[in-house]
Amino acid sequence: MKNWLINIFYSFPVQLIVLHVRNNLLIIFTWLLLSLLMTGTIGDIFGIKYLFLTPEYLGKVNFWSYLILGAAFGAFFMTWNLTTYMLDAFHFPFLATLERPFTKFCLNNMFIPLGFIGIYLYYTVWFQSYNEYWSGLTIFYHCMGFLLGFLLMILSSSIYFHFTNIDILNLKSKLRRPPNLEKGIAPGRRVPDIESIKINENRWRVDTYLNEYFRPRLVRSVAHYESIILLGVFRQNHVNALVVQLFGLVVLISLGFLIDYPVFRIPAGASVFILASVVVAITGAITYWFHQWRLTVFLLLLIFINFLTKHEGFNHKNKAYGLNYNNDLPEYSYNKLEEMASPNVVKEDKATTTAILNNWRKQFGRKKPKMVIFCVSGGGLKAALWSMQVLQQSDKYMEGDLFKHTMLVTGASGGLIGVAYMRELYLQKQMGNPINIYDSKYLTKVSKDLLNSLCFTIVSNDLFLPRVNFEAGGYLYKKDRGYAFEKQLNENTDFVFDKVLADYKLPEQEALIPMMMLTPSIVNDGRRLVISPHGVSYMTIAPIGIEKPGSVEVDAVDFGRFFKDQGSDQLQFATAIRMNATYPYILPNVYLPSQPSIEVMDAGFRDNYGIISATRYIQVFSDWIKRNTSGVVLVQVSGWDKIQDVYSGDHAGVLETMFNPLGIAGQILELQDYEHDTNLSFIYDLLGKDKFEVIRFVYRPRSEQERASMTFHLTNREANDILNAFYLEENQNKLKELRKLVRGE
């Protein structure tokens, strides 16, 4: 038994694993990171696991998408072998004496990849059957597609290495003169390494290895071979490794130039595998060339990259498409904000909105109507589908009265995408287009995947700095993941968002559709940017600030007025939606044409529910509301329960305790909830308890463990869970209450 264990331990496959753990932790970490991403252990909030478990190609998850994913994994597998071969082959001089040494190295080095493949197939089968409801046959085809792609890549690589790699017999016949041994294999690698391992000074003990038929063979001595022969074999194989690694980098960068062509948008998971190949290759190259200095070189490289990206040519900043960045830039200062929120300016904008309110009021004759304000929470496609489901089904149940009574819609991130889509469909119907706005196909469209295009563009384009220009509104911009998001969103929704902000001015002015205010957060100072086709300076400061100057601070920026000279009314509407839904890391923050640049991100950073905008609007027009309506119904569509379980830190470890004071930052949504309750209580006091009502539609999953992820991808199970949540007893009771309030029944 003891001899059997010793034989296993000193076999080539086991010793390679031991060597990797000792010497190649950075490369091993790549496997670990991919495993954690694929299983959703990390990055689950961003939906990264979907890139691997349900890869999309040309908008479909099928055999071909898995084939491409498998081929990309095969490329990563080969890069892993090439890199570790380059780093560690000199520890095993017996390889140079074998026929097809690299092939045998790969066979003995594949147990870590095999473990990854086993975990991947297990999670894929479980995920597809449980979350996507696919049949066993479909899942089988998907798995076969992945494995076939993997094998095809291995086969094609093997053909290349068969004709380019040399073994010791071929080298003997081709060698005419000895190479310059003083140069070694690379700077920092000395020839005595070869001699020393021949006399067992640095040789890694291996007793047996597996051949091509997976049969164990004894390792032979290499003491009788000349160093020039051994060195020549390793050098030739290293050159081939470099060629393959450079080819992978060129392919990845080339795909970044082709993001406009769907056929070249390979599954994002495949892009991640290719990127991992590049990272492993670079890590291996630095380790190989600089050896004991590798950590220092890595740190210096990071410092250099940080320094380099401070300069404009190496630091791409996403722009708002449609705006002019070439004119004189407005100064972003508090004095400028005060100027744009002066009493005269606010009075002018209030008069414009009052005219809109009057147009809305005329639709109801003498009877004073209820004013409805829709507030929707953020949360990726989950929020988009949930908000659209609530608005669509509620309006259908109320026979069109909900949209008719709605004066304002506001909110954050994905929730506003769903409401904006529904509002556009309603506008098309108002304009005479024969469409059924209650058709379920629109729910399918708004919940289509956005994540794949985003992540593909990040990996193939943004990491290497955007390089391709495109034109919008007469100006040139760089194609990046912001561009990819808008393009995919337009493709998913039949290009209904392919408009500019000014296109909504007249419909809102005539009260054909509700007003919409998008409020991305300003990173520079925490203020909100209020985007509307109308002047909305009254939203930038509390009313008391106009009546009593200096009493309160300007807390928002009127986008249209501030960037008027930059063509604010020509802002692409899809860009406005993206600015309001700038999910951290996944979407780029937008830099606006000001001095200094205004940097904006997701509206949820300041107001994830749209309550701040709604209550400010009610406060500003409270007198008009009291005279012309029978009250206000604020409809809040939320993706979270208002009351959350209390977190316990009783069993936190030392490291968790050290960071515990920062934990409150992670409760940003709960903190907003408390502030919103305060704002709503003021509105109750302002309008009266019988003139103000809050109706909440809450998405509740079947179980907390099955809550839909807050990302730009939904599984079939998640989509069904969201749609069915509307029919829960609690939400149906809220629907009946809403109908009773709005229609006066």
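Buried here means under 20% relative accessible area, a cut-off that will help with the close-ups of this predicted model.

**View 1. Here is the largest nonpolar core, with 154 residues.** Phe52, Phe374, Leu592 and Phe712 are the ones that touch the most other members. Helix 5 (residues 63–88) chips in twelve residues, the largest share. Elsewhere sits a second, separate core of 34 residues, with Val346, Trp360, Tyr538 and Leu680 among them.

**View 2. Now zoom in on Phe374 and its contacts from beyond four places in sequence.** These include Val390, Leu391, Leu402, Val635 and Val637. Thr406 and Thr410 are also in contact with Phe374.

**View 3. Helix 5 runs for 26 residues.** From first C-alpha to last, helix 5 reaches 37 Å, close to the expected 38 Å. Most of helix 5 is covered, with 21 of its 26 residues buried. At its N-terminal end, Asn62 acts as a cap, placing a side-chain oxygen 3.1 Å from the backbone nitrogen of Trp64.

**View 4. Asp494 and Lys445 pair up in a salt bridge, 3.2 Å from N to O.** Asp494 is in the loop between helix 21 and helix 22, while Lys445 belongs to helix 19, so the pair ties together parts 49 residues apart in sequence. Lys445 has 17% relative accessibility, so Lys445 counts as buried. Asp494, at 46%, is partly exposed.

**View 5. Asp555 and Arg616 meet in another salt bridge, 2.9 Å from N to O.** This one links distant parts of the chain: Asp555 sits in the loop between helix 23 and strand 11, and Arg616 in helix 27, 61 residues apart. Arg616 is buried at 9%, whereas Asp555 is partly exposed at 24%.

Terms used:
Residues numbered from 1 in each chain as written. Predicted model: local features only at pLDDT ≥ 70, side-chain atom pairs only at ≥ 80, totals over all residues. Heavy atoms only, no water. Core = buried A, V, L, I, M, F, W, Y, C linked by side-chain atoms within 4.5 Å. Buried < 20%, exposed > 50% of the residue type's maximum accessible area, 1.4 Å probe, protein only. Helix = DSSP H or I, 4+ residues; strand = E, 2+ residues; numbered from the N terminus. Contact = heavy atoms within 4.5 Å. Expected span 1.5 Å × (residues − 1). Polar contact = N/O pair within 3.5 Å; in protein donor to acceptor, adjacent residues only side chain to side chain. Salt bridge = Lys/Arg side-chain N within 4 Å of Asp/Glu carboxyl O.
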